[in-house]
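Trainee: I should like to learn how to read the features of a structure such as this one. May we go through it step by step?

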Amino acid sequence: MHVLILGGDGFCGWPTALHLSDRGHDVTIVDNLSRRAIDLELEVESLTPIRPIGERLRVWREVSGKEIGFVRLDLATEAERLTSLLPALRPDAIVHFAEQRAAPYSMRSTPSKRYTIDNNVRATHNVLSALVHSGTDAALVHLGTMGVYGYGWSGSAPIPEGYLTVKVPTPDGEVEREILHPASPGSVYHLTKTLDQLMFAFYAANDQLRITDLHQGIVWGTQTAQTARDERLINRFDYDGDYGTVLNRFLMQAAVGHPLTVHGSGGQTRAFIHVRDTVRCIEIALENPPAAGDKPKVFNQITESHRVRDLAKLVSSLTGVPVAHLPNPRREADENELNVRNDQFLALGLNPTTLDEGLMEECREIAGRYRHRVDPSKIVARSVWRAGMTTAEDLVS
Ligand code: NAD
Ligand code: USQ
């Protein structure tokens, strides 16, 4: 297959591009390198020393003998260029990672809220309209989020894979309808993913586009078999308060001896997946596209669910670093249950990497090895969901 990887310079996109190339697919990355620009804006760097995209691609050619193409293009602002690129490249499939993906960054300021909406909604819509207007028959796989379902539902009813069957009262009784699970976004970033879902439903129905939406949990880990082949292929590891995700942050904090930054009680339950399973799930999704005319196929791309405080206890017990309960900078339920269905990927052959297998390897090989690169001033989360919320820094200042 010829696969376009939109956002292929990022944390999930880069290892996916290498994995698919290694499996014999012809891969082209499309990215505007905005994530690298945001690092400069935030004055922070990946914990791991990521190399410029040109060097990454040269090294991959050196170690694998395989070529990955690269097009620098902004999906949100260069719609016409994208529409002419598709017939020129003739992809069989497109994987769409290219969005601003940090919830705290999306809540940081009014400009960052606007940027997140403008970038994500326009990028997704431009991809859909370019497929239609260029007459390109490529299956689209999009990286969505578990956060579209939200975490505020009471009780422990399982979260289905995208759709719910509900009974709707009629004058004569009731009828059954299949609907998208109600959306309950917890940040402007998550809001953009709920808007993406509606765009997918529309374009699948109106233009028979073949779309798969992967509702992915929090990704942890760093390396895959391919990114580990040369240090210059190393994957990104975000650790700062905006882009760092919770488990990787705890691993980095343990490596530098910083108390583990649990927000509030740590009763938030979230779904997780190792980056090695992310790349495998994407391959499975590419092999199993919906048919033209089908509604978008939704998979819950997760392997385990955990409470934040339990993860902190686990990392603390492995490393001896204490746990700190900080004021929560976000507006979110302090405690929630989470029971997620993920039957489809398991049935299609996913063999998950569990926390028990991967955690210590991550601590030693990545967090420990690169701890000298941590800027301690970037560890505590500063972006707040509403003006006036207390942060950890208010307590010490
Ligand atoms: P990332 O920020 O590391 O990568 C995103 C890439 O997209 C970057 O290289 C960026 O430069 C590029 N990009 C952004 N806007 C673009 C635009 N307008 N045009 C071209 N390129 C653009 O993010 P990630 O962690 O790799 O996440 C990838 C996708 O997976 C996102 O859509 C995210 O919402 C989703 N996801 C991530 C996680 C996670 O824990 N990292 C979990 C669930 C879902
Ligand atoms: N948290 C802490 N301490 C920290 C960091 C986070 O307690 O130092 C808590 C947060 O308050 C939250 C939970 O951990 O309750 C998860 O936070 P996160 O930053 O790890 O994850 P989130 O903001 O939800 O976003 C990440 C990715 C996003 C993806 C999402 C999947 O950045 O792209 O969509 O995970 S999900 O959470 O399933 O919606």
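The dialogue below takes up the record, a helix, the cores, a hairpin, backbone angles and the ligand shells.

Trainee: What should be known about the model before reading it?

Mentor: This is a predicted model, in which local features need pLDDT of at least 70 and side-chain atom pairs count only at pLDDT 80 or more, while totals for chains, interfaces and linings use all residues. Residues are numbered from 1 along each chain as its sequence is written, and chains are lettered from A and ligands numbered from 1 in the order in which they are written.

Trainee: Which residues does the UniProt domain annotation cover?

Mentor: The unreviewed UniProt entry carries the annotation "domain: NAD-dependent epimerase/dehydratase" for residues 3-300; such annotations may be inferred rather than shown by experiment. Over residues 3-300 the chain is 39% helix and 22% strand. Helices (H or I, at least four residues) and strands (E, at least two) are DSSP runs, numbered from the N terminus.

Trainee: Is helix α1 enclosed or open, and why?

Mentor: A residue is buried if 20 or more other C-beta atoms, placed from the backbone, lie within 10 Å of its own, exposed if 12 or fewer, and partly exposed in between. In helix α1 (residues 13-22), 9 of the 10 residues are buried, so the helix is largely enclosed by the rest of the structure. Among the buried residues of α1 are Trp14, Leu18 and His19. Their packing partners include β1 (2-6), α3 (53-64) and α9 (275-287), where contact means C-beta atoms, placed from the backbone, within 7 Å.

Trainee: Which residues have the most contacts inside the largest nonpolar core?

Mentor: A nonpolar core is a set of buried Ala, Val, Leu, Ile, Met, Phe, Trp, Tyr and Cys residues joined through C-beta atoms within 7 Å. The largest has 85 residues, and Leu6, Val95, Val127, Leu140, Val141 and Phe250 have the most contacts inside it. A second, separate core of 8 residues includes Ala102 and Tyr105.

Trainee: How do strands β6 and β7 pair?

Mentor: Two strands pair if DSSP finds at least two bridges between them. Strand β6 (residues 163-170) and β7 are antiparallel over 8 bridges, and a hairpin of 2 residues joins them. Val166 stands opposite Arg177 in β7. Strand β7 (residues 173-180) is hardly covered, with 0 buried residues among its 8.

Trainee: What does the sign of phi tell a reader?

Mentor: Most residues other than glycine have a negative phi. Leu33, not a glycine, has a positive phi of about 60 degrees, and lies in the loop between β2 (26-31) and α2. Leu33 counts as partly exposed because it has 13 C-beta neighbours inside 10 Å. Gln208 also has a positive phi, near 55 degrees, in the loop between α7 (188-207) and β8 (211-216).

Trainee: Which residues come nearest to ligand 1?

Mentor: A residue is near a molecule if its C-beta atom, placed from the backbone, lies within 6 Å of it. Of the 27 residues around ligand 1, Gly7, Gly10, Cys12, Leu143 and Val219 come nearest. Elements giving two or more residues to this shell include α2 (34-42) and α6 (110-134).

Trainee: Which residues come nearest to ligand 2?

Mentor: Around ligand 2 there are 23 residues, of which Thr145, Met146, Gly147, Val246 and His263 come nearest. The largest share of the shell around ligand 2, 3 residues, comes from β10.

Notes: Contact = placed C-beta atoms within 7 Å.
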